[in-house]
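Pull up the model and rotate it for a moment before reading on. We'll start from one residue and work outwards to the whole chain.

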Amino acid sequence: MPNFRMERLGQTIQEKISSFILEGKIKDNRVTSFLSITKVNVSKDLSYADVYVSDIRGHINEKEVEGLQSAAGFIQSQLGQTMHIRKIPKLRFHGDTSIGDGFDLIKKIESLSETENKKD
């Protein structure tokens with residue numbers, strides 16, 4: 001499959017998993033509506049998809065990622081029912097700290113800005 005098709009498939013999987021989380025279809029207590037799927041990388045042979053998860057509160061807990069990983073079979077079956085592709089990739093969930101890192105960077109910039117304003 002060409003790269004653009006893999007990216008489009010990744011985006012579709014990202015949207016579907018996000019909607020499963022928001023709709024509360026994943027019944028694991030470790031999975032909360034604060035989780036956000038930031039990126040999905042699908043392998044060229046469709047054998048697996050790396051799903052990167054972050055928490056909109058700014059920090060990701062490994063237990064949340066473990067909750068999604070334990071529900072991976074259910075999520076794959078739901079993807080199979082809603083998507084019409086020959087092979088649903090095996091899902092591998094990873095924590096992503098990019099949202100928390102962004103919040104930390106904004107705080108640092110604001111503190112630098114405040115100290116600069118105090119000097120003037």
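Start with His94: leaving aside residues up to four places away in sequence, it touches Asp50, Val51, Tyr52, Val53 and Val65. Keep in mind that this is a predicted model. His94 itself sits in strand E3, and strand E2 covers residues 48–55. Is His94 buried, partly exposed or exposed? Its relative accessibility is 29%, so it counts as partly exposed, given that buried means under 20% and exposed over 50%. There's also a long hop in sequence to look at here: His94 and Glu62 are 32 residues apart along the chain, yet their C-alpha atoms are 8.8 Å apart in space.

Now zoom out. The protein has 4 helices and 3 strands, and read along the sequence they run α-β-β-α-α-β-α. Contacts across long stretches of chain matter in the count: of the contacts with a separation of 6 or more, 63% are between residues 24 or more positions apart. What about the overall dimensions? The C-alpha trace spans about 65 × 35 × 20 Å along its principal axes. The radius of gyration is 18 Å, whereas a compact globule of 120 residues would come in near 14 Å. Buried residues make up 30% of the 120 residues. The protein exposes about 7800 Å², and carbon and sulfur atoms supply 50% of that area.

Next, follow helix H1, residues 3–22. H1 has 20 residues and reaches 29 Å from its first C-alpha to its last, close to the 28 Å expected at 1.5 Å a residue. Which residues of H1 are buried? They are Met6, Leu9, Gly10, Ile13, Ile17, Phe20 and Ile21. Seen down the axis of H1, these buried residues fall within an arc of 110°, so they line one face of the helix. The periodicity behind such a pattern is familiar: an α-helix has 3.6 residues a turn, so residues three or four places apart point the same way. On the face of H1 turned away from the buried side you'll find the exposed residues Phe4, Glu7, Glu15 and Leu22. The buried residues of H1 pack against E1, E2, H2, H3 and E3. After H1 comes Gly24, with a positive phi near 75°.

While you're on H1, pick out Thr12, which lies in this helix. Thr12 is partly exposed, with a relative accessible area of 27%. A polar atom of its side chain lies 2.9 Å from the backbone oxygen of Arg8. Thr12 also makes a jump in sequence: Val40 is 28 residues away along the chain, and the two C-alpha atoms are 9.1 Å apart.

From there, move to the loop between E1 and E2, where Ser43 has its place. Ser43 counts as buried, at 9% relative accessibility, because the cut-off for buried is under 20%. Its side chain is joined to that of Asp45 by a polar contact of 2.8 Å. Not counting residues up to four places away in sequence, Ser43 touches Met6 and Tyr48. That takes you back to H1, where Met6 is one of the buried residues.

On to helix H2, residues 62–70. At its start, a side-chain oxygen of Asn61 reaches to within 3.0 Å of the backbone nitrogen of Lys63. The buried residues of H2 are Glu64, Val65, Gly67 and Leu68. They cover an arc of only 155° around the axis, which puts them on the same side of H2. What do they pack against? The partners are helix H1, strands E1 and E2, helix H3 and strand E3. Val65 closes a circle for us, as one of the residues that His94 touches.

Finish with helix H3, residues 72–82. Here Ala72, Ile75, Gln78 and Leu79 are buried. Looking down the axis of H3, you'll see these residues fall within an arc of 125°, so they line one face of the helix. What covers them includes H1, H2 and E3. Both H1 and H2 list H3 among their own packing partners in return.

Notes: Residues are numbered from 1 along each chain as its sequence is written. This is a predicted model: local features need pLDDT of at least 70, side-chain atom pairs count only at pLDDT 80 or more; totals for chains, interfaces and linings use all residues. Side-chain values use heavy atoms; hydrogens and water are left out. Buried means under 20% relative accessible area, exposed over 50%, partly exposed in between (1.4 Å probe, protein chains only). Helices (H or I, at least four residues) and strands (E, at least two) are DSSP runs, numbered from the N terminus. The arc is that of the directions from the helix axis to the C-beta atoms. Contact means heavy atoms within 4.5 Å. A polar contact is a pair of N or O atoms within 3.5 Å; within protein, one must be able to donate a hydrogen and the other to accept it, and residues adjacent in sequence count only if both atoms are side-chain atoms. The radius of gyration is taken over C-alpha atoms; the globule rule is 2.2 Å times the number of residues to the power 0.38. Accessible areas come from the Shrake-Rupley method with a 1.4 Å probe; for residues, only the protein chains shown count as cover. The expected span of a helix is 1.5 Å times one less than its number of residues.
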